[in-house]
Every structure is written in structure tokens, then in C-alpha cells.
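Q: Please take a close look at the sheet in this model, strand by strand, and then at what packs around it. I am new to this structure, so name the residues as you go.

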Amino acid sequence: MSEPYTLVLLRHGNSDWNQKNLFTGWVDVRLSDQGVEEAKRAGELLADAGIEADVLYTSVLTRAIQTANLALDVADRAWIPVKRSWRLNERHYGALQGKDKAQTLAEYGQEQFMTWRRSFDVPPPPIDPGDEYSQAHDPRYVGIDGPVPDTECLKDVIDRMLPYWESDITVDLAAGRTVLVTAHGNSLRALVKHLDGISDEEISELNIPTGIPLVYKLDADFRPLGPGEYLDPAAAAAGAAAVAAQGKK
Ligand SMILES: O=C(O)[C@@H](CO)OP(=O)(O)O
């Protein structure tokens, strides 16, 4: 099959720490009950749209893996090949991992809070390797090609995610496979920034809702033929607004 190629991006469903309003990053939390339902609904949306994923890419974080498994099971595609990479992980949130978003906002103020959350190139302070929420000693990262991050800004995420997009994901697309990428709010913001050519400033305004497939049609150069389309646009708009408002409640 030739182009247009089909790429589906899916942010994991609501997690236990999304529900508790905690900065998560690389901490390996699971889906909440709500997130499980969102993941199943994502599978229904894919099936209803007649989108049949041929290959799955996920991060190495459980909430993305659970989401993909639940969605593909509902869509009767649980059997497709899977490739996982730390390069699709959420942005490492440094010393903010495990911190309450509302408390952080109250303590540091709106400007600093939003700089840490949404600036393009200012990372939060690094996490101490001995911190209970550090990944310095997590066995899943032994042998990765590079140091385990102790913090990341969005620019850092792009720098580690894009080489994988180019070396692996686009190869499956070029072979005519419909690719499902199940990942995270900020790793998907990084990919959408690249696909849509969003500026470093404007990307701060973009939020990705949990659990709603976002479908792109791409040309032979892997450029979008039009805007990405959420399979449930009304729920996507509400979900993105809820992400934007995090910390304010
Ligand atoms: O905590 C996180 O890891 C992310 C995603 O849940 O949060 P934010 O939207 O604040 O970048």
C-alpha cells in the first residue's frame, strides 16, 4: 500500500497520578479505573472508524502499555507486532516527579509553574539519584544508548524522540503499515510539534487529551496532508482543556 500513510497517536488513559494531580514523568504509575475505560473506548473509536493498526509502538511505561493492550483488545487487534522504546517515554520531570501540581503552583507562582510545565527549553531542577522517584537505578534503563535523564524540557524530548521516529516508525509507515503510537502527553506534544511544524512558542498552548485517538494522513515525506483529526473531537477539546487547567484546582 502506498501513501497516504496512516499514523494514529494515542495518549494513555487517565493514570492514578493524573487523578491525584501529581507530576509523573518517568514514574511508572498505572491507569486509574477511568483510564481503563478511556483505553477501551479508544479501541471502540478505532474499530468504528475502520482503522486497523498493523504495528504498535509504545514507551516502556506501564500506563502506555496498558492503554495499547486494552484498546487493541477491544479493536480485535491484540495480535499485532509491538515495538517499545524509552525514546517514547513521557518527558522526565526532574525533581518535580511526585510533587503535587496545585501545591507547586501555590508555592512557586503561575509563571514559574508554567515555565516548568510548558516552556520549550527550560527543564525543571534535576532529580537526586537517591530520590524515591528517580529512575537512576531502574533496571529497564540498563544499557540504553545514553545516560538516564535526571530532568528534561520539551526540547530534550524532541532530541531523543525524533531519531527513533526517523529510524523506526517512518520505516513501518513507508512499508504501508498503519502505525499506532501509544505514548504520553509530552512525548506526543513533541511529535505533533514536528509533524505540524509548530513554533517553539506556540507549542506551549498545545495539550493532548488522554485516551482519544488522533489520526494523521501523511505524504511520502511523512508530512501531514491535513490537520490531525481526533476520533471524538468534542471529548478531545474537553480533555485538552482539562489538561491545560491542571494545578488550578
Ligand atoms: O505529569 C506529567 O508527567 C505530565 C503528564 O501527565 O503532566 P503535564 O501535563 O503537567 O506536563
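A: Two strands count as paired if DSSP finds at least two bridges between them. The model is a predicted one, and in it six strands form an open sheet. Their order across the sheet is β3-β2-β4-β1-β5-β6, and the pairing is mixed. At the edges lie β3, residues 82–84, and β6, residues 229–230, each of which pairs on one side only.

Start at the β3 edge. Three bridges link β3 to β2, and the two strands pair in the parallel sense. Within this pair, Tyr 57 is placed opposite Lys 83 of β3. The chain gets from β2 to β3 by way of helix α3, residues 62–74, and the three elements make a right-handed β-α-β unit.

On to β4, the next strand in the order. Strand β2, which covers residues 55–58, is paired with β4 through four bridges, again in the parallel sense. Here Leu 56 faces Leu 180 of β4. Strand β4 itself spans residues 179–183, and five bridges join it to β1, residues 5–11. Strands β1 and β4 run parallel. Leu 9 is the residue opposite Val 181 of β4.

A helix belongs with this part of the sheet. Helix α7, made of residues 185–196, packs on the sheet and touches β1, β4 and β5, the last of these being residues 214–218. The direction of α7 makes about 150° with that of β1.

The pairing beyond β1 is as follows. Strands β1 and β5 are joined by five bridges and run antiparallel. Leu 9 appears again here, opposite Leu 214 of β5. Leu 214 also has a bridge partner in β6, namely Tyr 230. The pairing of β5 with β6 is antiparallel and rests on two bridges. With β6 the other edge of the sheet is reached.

Next, what packs against α7? Helix α6, residues 154–174, packs with α7 at an angle of about 70°, and the axes are 9 Å apart. Angles from 65 to 115 degrees count as roughly perpendicular, so α6 is roughly perpendicular to α7. From α6, the residues that make the contact are Leu 154, Val 157, Ile 158, Met 161, Leu 162 and Trp 165. From α7, they are Asn 186, Ser 187, Arg 189, Ala 190, Leu 191, Lys 193 and His 194. Sorted by class, this contact has eight nonpolar, three polar and two charged residues.

Asn 186 of the α6 and α7 contact is also one of the residues that surround the ligand. The others named in that shell are Asn 18, Phe 23, Thr 24, Gly 25, Glu 90, Tyr 93, Arg 117, Gly 185, Val 243 and Gln 246. By class, the shell has three nonpolar, six polar and two charged residues.

Another helix pair can be described in the same terms. Helix α4, residues 101–108, and helix α5, residues 110–118, have axes that come within 6 Å and cross at roughly 130°. That crossing makes α4 oblique to α5. Thr 104, Leu 105 and Tyr 108 of α4 make the contact with Gln 110, Gln 112 and Phe 113 of α5. This contact has three nonpolar, three polar and no charged residues.

Technical notes
Residues numbered from 1 in each chain as written. Predicted model: local features only at pLDDT ≥ 70, side-chain atom pairs only at ≥ 80, totals over all residues. Contact = placed C-beta atoms within 7 Å. Axes fitted to C-alpha atoms, helices over the stretch in contact; angles between N-to-C directions. Near = placed C-beta within 6 Å. Nonpolar A, V, L, I, M, F, W, Y, C, P; charged D, E, K, R; others polar. Right-handed = clockwise from strand over helix to strand, strands pointing away. Parallel < 35°, antiparallel > 145°, perpendicular 65-115°, else oblique.
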